[in-house]
Structures are given as C-alpha cells and as structure tokens.
Amino acid sequence: MNSTEVAERLKSMPDGSSIALKIGETNFADNYVAALNGVLKEFMPERRYTCIYVTTTTPSHLCKNLFEMFEMDVSNIYFVDAISHIMMNVSTQMERTTYIESPTMLENILLKIEFLLKKLANENKLLILDSINTLAIHNGNRILAEFLHILVNNLKSKGVFTIILGVEERNSDEISNMLSLVCDDTIVVK
Amino acid sequence: MTDVLAEKRGIQRERCKTGIEGLDNILNGGIPRGNTILVTGSCGTGKTTLSLEFLVHGALSGEKCLFISVTEPSSKLLANLIPYEFFDDRLIEQGLLVFIDMPALYERLGLRKTEFTFEEIHMLVNAISGIVRELQIKRLVIDSITSVCFQLKTEEKIREFILKLGKALSDFGCTSLLVSEISPAEQRYSMYGVEEAIADGIIILGNLERKGDLLRTMQVVKMRGTSHSRAKYVLDLTPIGILLVPLLKGGMGAEK
Ligand SMILES: Nc1ncnc2c1ncn2[C@@H]1O[C@H](COP(=O)(O)OP(=O)(O)O)[C@@H](O)[C@H]1O
Ligand SMILES: [Mg+2]
C-alpha cells in the first residue's frame with residue numbers, strides 16, 4: 001500500500017475516528033515512510049488538522065528531522081515525547097514539545113495530551129500514537145488496555161481523529177485485541 | 001434537614017462550579033452551593049493552588065470571592081496567580097477577588113492571646129461572617145484552618161468555630177474551602193479530627209509513588225448533597241489550571 005492509498009482510506013473516515021495503522025515488518029522503513037507520508041503529507045493538510053504526535057519510540061527531534069527530510073510541514077505538529085528522557089537525550093529541547101520522564105508514566109501522557117487539547121481547543125485535531133509496541137515493552141497489558149480505553153474514548157468525545165501505529169507482525173494477541181476494542185478500523189501498510 | 005427532604009424528592013441542589021473541569025465532572029456538576037469543604041493534604045500537594053483557582057473561576061463568572069490567608073502574606077499569593085493564563089488583574093481592581101490577612105483581622109479584633117476564649121471565637125466568626133455579608137461573598141477560602149485551630153486548642157472550641165462559621169456561611173449561600181494541613185503519614189484527614197467530621201465535604205490531595213514515579217493525586221471522599229466519584233485521580237498543575245485524569249489501576253500502587 002502506498003502513501004496515497006493510505007490517505008484515501010483515511011479520507012473516507014469522519015472526524016473522531018480511531019484507526020489502528022499497522023506497519024509491515026518486511027521493508028519496515030519504506031512502509032513507515034509511506035504510512036507517515038500518507039498521514040502527515042496528504043491526509044493532514046486536506047483536513048487542516050493540527051497534529052499531536054505522541055512518541056514513545058523515536059526521540060521527537062529525530063522524528064522532526066525525519067519529517068522535514070520528507071518535506072512534511074512540521075509547524076502544525078506538537079510533540080509529546082516520552083522517550084528522550086530515558087534515552088538520556090533531552091539536551092536538545094525543542095519548541096512545541098512536551099517531555100515526559102518515562103513511557104511508564106501513562107497518566108502523565110494523558111495529562112499532557114489533555115493540556116494540548118485545551119490549548120488547541122479551536123483547532124481540528126489529529127492525534128498519532130507512535131507506537132503501541134514500545135508502550136507494551138514498558139507497561140503491563142492490563143494498565144495499557146486501561147490507558148488506551150481512556151485515551152481513545154476521550155479523544156472520540158472531543159472529535160479528535162486518532163491513529164495508533166504498530167508493527168504488524170509484532171502485535172501479540174493481547175495487543176491486537178486491545179486495538180480491535182478501541183479502534184473503528186485497521187489499515188495495514190506492507 | 002430541608003436539604004435532606006429536597007434531595008429525597010429528587011430536587012437537585014444548585015451547584016457552585018469550581019471551574020476545574022475534571023473536579024466538576026467528579027462532583028457531577030460542582031460543589032453543592034453553601035457547602036463547607038475541607039481541602040486536605042500534606043505540604044506541596046496543591047491545596048493553595050486549587051483554592052486560588054476555585055476563587056478565580058468564581059470571580060471570572062461574576063461572583064465575589066474572598067481569600068483569608070492565615071500563614072502566608074497575600075502579596076505572596078498574588079504572585080502565584082500571575083502565571084495563570086486565565087487570571088486577570090481587573091478581578092482584584094473590581095473587588096471581585098478580595099484578599100485578607102488573618103493576622104490583620106486578629107489585630108483589629110484585639111485577639112492577641114495564644115488561646116482564644118469562646119467569646120473570642122464568636123467575635124472571630126461574627127467578624128468573618130460580617131465581611132461575607134457586607135461584601136456579598138459567594139466563595140470563601142481560609143488557608144489554612146489548621147493554623148486557626150492551632151489557636152483554638154480544644155476539640156470543643158474547634159467544633160464551635162467550624163459549626164458556627166459553616167452555618168453562617170451556608171445561610172449566605174457562600175461555598176467555602178477550608179484548607180487543612182496534615183503530615184504525609186497522617187491516618188486521618190485533619191489535624192484535630194473534628195474538622196473532618198463536621199465538614200460537608202472532603203477533598204484529599206496527595207502523592208502516590210508507583211515503581212519510582214511520583215504522582216500528584218486527588219480524591220473526593222465525602223460530599224454532601226451530590227453523588228460523586230470516590231476514585232483517585234492524577235493531577236497536574238498547569239498554567240491553564242488543574243488538569244485531572246483517572247488513576248490507572250492496572251499497576252499496583254503503594255501509598256506514600
Ligand atoms: N501552575 C503551576 N505549574 C507548576 N507547578 C505549580 C503551579 N502552581 C503551583 N505549582 C507548584 O506546586 C506545588 C504545590 O503548591 P501549593 O498549592 O502551594 O501546595 P500546598 O498549598 O498544598 O502546600 C508548589 O511546589 C508550587 O511551586
Ligand atoms: Mg498552601
């Protein structure tokens with residue numbers, strides 16, 4: 001699936017949808033770029049979304065560099081970064097970025113998202129969670145399921161479009177079940 | 001008694017919205033108007049911050065609000081308000097937000113002893129309720145009631161003070177937060193035990209340690225006149241005010 005196909009699938013869904021975006025492990029880098037291009041370069045500008053990008057995988061300044069390399073507009077992206085601290089990588093503090101000490105602080109992730117939702121009250125919003133797999137490394141399944149449930153329901157009630165990224169083959173049955181409980185649809189990029 | 005009858009007939013008591021969205025949700029709309037609430041917790045848990053935000057939101061909605069500061073000079077408290085995005089200097093200029101230092105009030109009443117007599121307690125209650133009536137105050141904070149109780153000493157006197165004050169305030173439809181300071185290890189909600197028994201509601205602020213992470217928490221354990229969540233919430237103090245999310249239960253927590 002290429003970036004345009006990803007974007008077309010997303011465009012068929014209304015505000016407030018929640019989507020599991022699963023990225024195939026074979027040729028992961030190509031799939032990841034196709035998925036992000038589809039979301040950030042094609043889908044996001046069309047809906048005029050402001051994006052809240054929650055990363056528990058790649059430090060936000062590296063995400064930003066990557067997005068800029070692929071000529072995505074990062075001026076409308078706010079990062080919630082729960083990984084830089086534990087990677088001892090917070091010397092480069094960026095604007096529009098909130099740092100969280102560790103990906104185990106799930107309530108703090110919810111609180112920082114809540115803060116941004118209020119600050120961006122008048123914008124149409126898209127939230128990307130990158131990724132369910134890294135959250136699962138740092139958290140037990142029960143607390144993660146509770147987190148996802150509270151997060152997605154809250155976003156849905158506020159009409160925020162939600163995309164949860166995951167690696168397709170790496171998703172255990174438990175994670176797949178969690179995603180199918182909270183997501184309206186699944187898109188597989190491979 | 002009339003409250004109880006009204007509630008039995010399913011009549012909702014009018015609410016005093018705290019303006020803290022998460023707390024108003026926990027309380028199903030806000031604090032029942034006229035209630036006297038104990039806001040309790042150890043040092044640094046956010047009691048003063050919560051109380052100030054409660055008053056600022058009241059003032060913003062046009063209600064007259066009074067902060068009686070017992071331990072800190074009010075000039076210092078004002079400095080705490082500046083970072084808030086929703087705070088507006090004009091609230092003070094317009095007299096919607098009033099600060100009084102308790103030591104100045106003691107001075108005015110000639111209360112200089114370390115232990116007040118019953119007569120002096122009545123003077124103090126009359127003085128506070130007089131100000132509330134005169135200025136038509138709808139929201140009151142006393143920060144902290146523990147420091148006042150310190151000068152009352154006995155259970156009987158504390159009971160007399162809080163009951164008399166609570167009655168007067170509720171007659172004026174004034175919703176009040178009494179800040180109570182406790183040590184982190186404290187098993188009860190107030191220093192003397194009396195305060196918690198006679199308050200209409202108790203909000204506890206605290207810290208919770210989970211696997212090395214320290215979280216700020218809030219819990220409403222009692223609130224007369226409304227159904228409410230008794231669950232523990234995690235709180236963040238931000239420039240746009242207090243934010244709350246549910247405490248996730250999947251992980252096991254140990255109280256600190
Ligand atoms: N808007 C804010 N953002 C971040 N920290 C804050 C904010 N407001 C207060 N704090 C901090 O929170 C702590 C609790 O403050 P306070 O309300 O005075 O606690 P308490 O009255 O329970 O002793 C203080 O250390 C204060 O610096
Ligand atoms: Mg204080």
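In the counts below, Ala, Val, Leu, Ile, Met, Phe, Trp, Tyr, Cys and Pro are taken as nonpolar, Asp, Glu, Lys and Arg as charged, and the others, Gly among them, as polar. The model is predicted.

Q: By class, how many polar residues does the shell around ligand 1 have?
A: The residues around ligand 1 include B:Ser42, B:Gly44, B:Thr45 and B:Thr238. Gly is counted as polar under the definition above. Beside 3 nonpolar and 2 charged residues, the number of polar residues in the shell is 7.

Q: Which element supplies the largest share of the shell around ligand 1?
A: Helix H3 (47-60) and strand S10 (232-238) of chain B each supply at least two residues of this shell. The largest share is 3 residues, and its source is H3(B).

Q: What percentage of the area that ligand 1 exposes when taken alone does the protein bury?
A: A backbone N or O atom of B:Gly44 lies 2.7 Å from an oxygen atom of ligand 1, and for B:Gly46 the corresponding distance is 3.0 Å. A polar side-chain atom of B:Thr49 lies 2.5 Å from an oxygen atom of the ligand. Taken alone, ligand 1 exposes 570 Å², of which the protein buries 59%.

Q: Are H6(A) and H7(A) roughly parallel or roughly antiparallel to each other?
A: The axes of helix H6 (residues 141-157) and helix H7 (residues 173-182) of chain A come within 10 Å and cross at roughly 20 degrees. The crossing is right-handed. Angles under 35 degrees count as roughly parallel. H6(A) and H7(A) are therefore roughly parallel.

Conventions:
Residues are numbered from 1 along each chain as its sequence is written. Chains are lettered from A and ligands numbered from 1 in the order in which they are written. This is a predicted model: local features need pLDDT of at least 70, side-chain atom pairs count only at pLDDT 80 or more; totals for chains, interfaces and linings use all residues. Side-chain values use heavy atoms; hydrogens and water are left out. A residue is near a molecule or strand if one of its heavy atoms lies within 4 Å of it. A polar contact is a pair of N or O atoms within 3.5 Å; within protein, one must be able to donate a hydrogen and the other to accept it, and residues adjacent in sequence count only if both atoms are side-chain atoms. Accessible areas come from the Shrake-Rupley method with a 1.4 Å probe; for residues, only the protein chains shown count as cover. Helices (H or I, at least four residues) and strands (E, at least two) are DSSP runs, numbered from the N terminus. Axes are lines fitted to C-alpha atoms, for helices over the stretch in contact, and angles run from 0 to 180 degrees between N-to-C directions. Angles under 35 degrees count as roughly parallel, over 145 as roughly antiparallel, 65 to 115 as roughly perpendicular and the rest as oblique. A crossing is left-handed if the near helix is turned anticlockwise from the far one by less than a right angle, and right-handed if clockwise.
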